[in-house]
Amino acid sequence: MPGYVEFIQNYPAYDHTHNLDELREREYSRLDRLGQVYLDYTGASLYAESQVRKHQELLAGNVFGNPHSSNPTSLAATRLIESTRAKVLQFFKASPDEYVCIFTQNASGALKLVGEAYPFGKDCHYLLTFDNHNSVNGIREYAHAKGADVTYIPLTLPDMRVDEKMLAGYLEAGGNACANLFAYPAQSNFSSVQHPLEWIEKAHNAGWDVLLDAAAFVPSNQLDLSRWKPDFVPVSFYKIFGYPTGVGALLARREVLKKLHRPWFAGGTITVASVQGDRYYLAEAPAAFEDGTLDYLNIPAVEIGLQHIESIGLPLIHERVRCLVGWLLYRLKVMEHSTGVPLARIYGPLGSDARGGAVTFNFFDRADKPMDIRRVEQAANEHNISLRTGCFCNPGAGEIALQISKMELAACFSQPSHTQRLTYDDFRTCIDGKASGAIRMSVGLASNFEDVQAAAAFAEMLLD
Ligand SMILES: Cc1ncc(COP(=O)(O)O)c(C=O)c1O
């Protein structure tokens, strides 16, 4: 394939990842059979055919009942849930004495559990990076409601990383009078920046609890909870191995979990509740945090998915992703229109150090005007290329990358017609002339050189 020799010269390590080519043929052959170029691994990973087959065999070969009981079919479901729970902890090298795995619907569900139960109060702080998914931003509403201060730490351009000195200043200003929570993503779902895990200990030393959003990090990086000790870690399993959807987890440190006050109780979360006595007694974690009946038929598929990833090895996936994203960055960086205007403006780090497998950018025309991301997506669709456009639920990173100021936003939000409702089109018109979103291409465990070349060939077609 054209370009391969140059690629391998620059990324010789790719040669050692050929097991993944065999895996793609065996387990993900539908990609090539259907001519799909999948470039949205930060949105969701893809499942191997054998994961679905093994799960189907498990369901067809057993009888599973509602786990909230002690009959044989119920116990069979409970056994699988508990073995999956143990597997999740083992996958993240978390000691069961230290961490608990709470099953949720997805990472957002895990974040909501923390937000609604964290003991924010007057004089407490919720500190978070501009770079965060909306489900982490959303916790600020609980903080506001309980009178806590909410502070955002800005990002610096062009790398979209955080100034460490500034972070240290914010952490020191926290004070010990109250419960303080610091939240940041291990990997940005916008720029793919990997923020340092060393911050966890720094924040702990300054008296903060730490919420590490690992949703975008764990699909191609090992999160080792025997080494790093965040207090709360939300994940969505479909982002790691594609199937099942609808199951996530909150990995929480037992010691800090005790601080949380659940705002209600539900079936499954209590030992005893009384109507006439108006009392309830919460169960121990994890049950206290798992409302109602767990997704007991899908949870066993998580164990199958984790075994699948272990059979490949995360270091191999990591290496593959590093090589491919490095090449994609290089290809996008060098394309220029005949006018000398670069085709792509990339947001975030241009090298492959301390970053993940997504590249976020906008295309510009020969006169240096941003191309409409909706038209770019439409053109990509016509080539069976699945990429992502918008702000990817990460408005803070988007505002910094696209240099949309607080004043511009305030002017837009205060227009009388925008006080109640604001559609995406209204928003675009409001910040007229600027790109209002970006394009994201991301690679993952089933990506290959051909996918990245297809992405580059697509970009080339947009040159004048
Ligand atoms: C960094 C990050 N955090 C949280 C989430 C939320 O995940 P989910 O939509 O599965 O709840 C996402 C999803 O894209 C993400 O990328």
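Me: Let's start with Asn-448, in the loop between strand 15 and helix 19. Why is Asn-448 called buried or exposed in this predicted model?

Reply: Happy to walk through that. The relative accessible area of Asn-448 is 7%, and buried means under 20%, so Asn-448 counts as buried. Among the residues that Asn-448 touches are Tyr-14, Asp-21 and Arg-24, and also Arg-320 and Leu-324.

Me: What makes the approach of the Asn-448 side chain to the backbone nitrogen of Glu-450 a polar contact?

Reply: A polar atom of that side chain lies 3.2 Å from the backbone nitrogen of Glu-450, and the cut-off for a pair of N or O atoms is within 3.5 Å. The backbone nitrogen of Asp-451 has a partner there too, since a polar atom of the Asn-448 side chain lies 3.0 Å from that nitrogen.

Me: How do you know that the buried residues of helix 15 line one face of the helix?

Reply: Helix 15 covers residues 373-382, and its buried residues are Ile-373, Val-376, Ala-379 and Ala-380. Looking down the axis, these buried residues fall within an arc of 120°, so they line one face. The background is simple: an α-helix has 3.6 residues a turn, so residues three or four places apart point the same way. On the face turned away from the buried side sit the exposed residues Arg-375 and Glu-382.

Me: What covers the buried residues of helix 15?

Reply: The cover includes strand 12, strand 13, strand 14 and strand 15, together with helix 18 and helix 19. At the start of helix 15, a side-chain oxygen of Asp-372 also comes to within 2.8 Å of the backbone nitrogen of Arg-374.

Me: What makes Phe-364 count as buried?

Reply: Phe-364 has a relative accessible area of 6%, and the limit for buried is under 20%, so the term applies. This residue is in the loop between strand 12 and helix 15. Its contacts include His-337, Pro-342, Leu-343 and Tyr-347. Pro-342 is 22 residues away along the chain, yet the two C-alpha atoms are separated by 7.2 Å.

Me: Why is Ala-354 called partly exposed, and Asp-278 exposed?

Reply: Ala-354 has 40% relative accessibility. Exposed needs over 50% and buried under 20%, so a value in between is partly exposed. Asp-278, at 67%, is exposed. Each has another feature to look at: phi is positive, about 45° for Ala-354 and about 50° for Asp-278, although neither is a glycine. As background, most residues other than glycine have a negative phi.

Me: Which residues does the ligand have around it, and what makes the contact with Asp-213 polar?

Reply: The residues around the ligand include Asn-106, Ser-108, His-133, Asn-189 and Lys-239. A polar side-chain atom of Asp-213 lies 2.6 Å from a nitrogen atom of the ligand, and within 3.5 Å is what a polar contact asks for. Tyr-238 meets that cut-off as well, with a side-chain N or O atom 2.6 Å from a ligand oxygen. The protein covers 88% of the 390 Å² of accessible area that the ligand has on its own.

Me: Which residues does the cis peptide bond with omega about 10° join?

Reply: That bond joins Tyr-243 and Pro-244, and Pro-244 is in the loop between helix 11 and strand 8. The peptide bond from Leu-157 to Pro-158 is also cis, with omega near 5°.

How values were computed:
Residues are numbered from 1 along each chain as its sequence is written. This is a predicted model: local features need pLDDT of at least 70, side-chain atom pairs count only at pLDDT 80 or more; totals for chains, interfaces and linings use all residues. Side-chain values use heavy atoms; hydrogens and water are left out. Buried means under 20% relative accessible area, exposed over 50%, partly exposed in between (1.4 Å probe, protein chains only). Helices (H or I, at least four residues) and strands (E, at least two) are DSSP runs, numbered from the N terminus. The arc is that of the directions from the helix axis to the C-beta atoms. Contact means heavy atoms within 4.5 Å. A polar contact is a pair of N or O atoms within 3.5 Å; within protein, one must be able to donate a hydrogen and the other to accept it, and residues adjacent in sequence count only if both atoms are side-chain atoms. A residue is near a molecule or strand if one of its heavy atoms lies within 4 Å of it. Accessible areas come from the Shrake-Rupley method with a 1.4 Å probe; for residues, only the protein chains shown count as cover.
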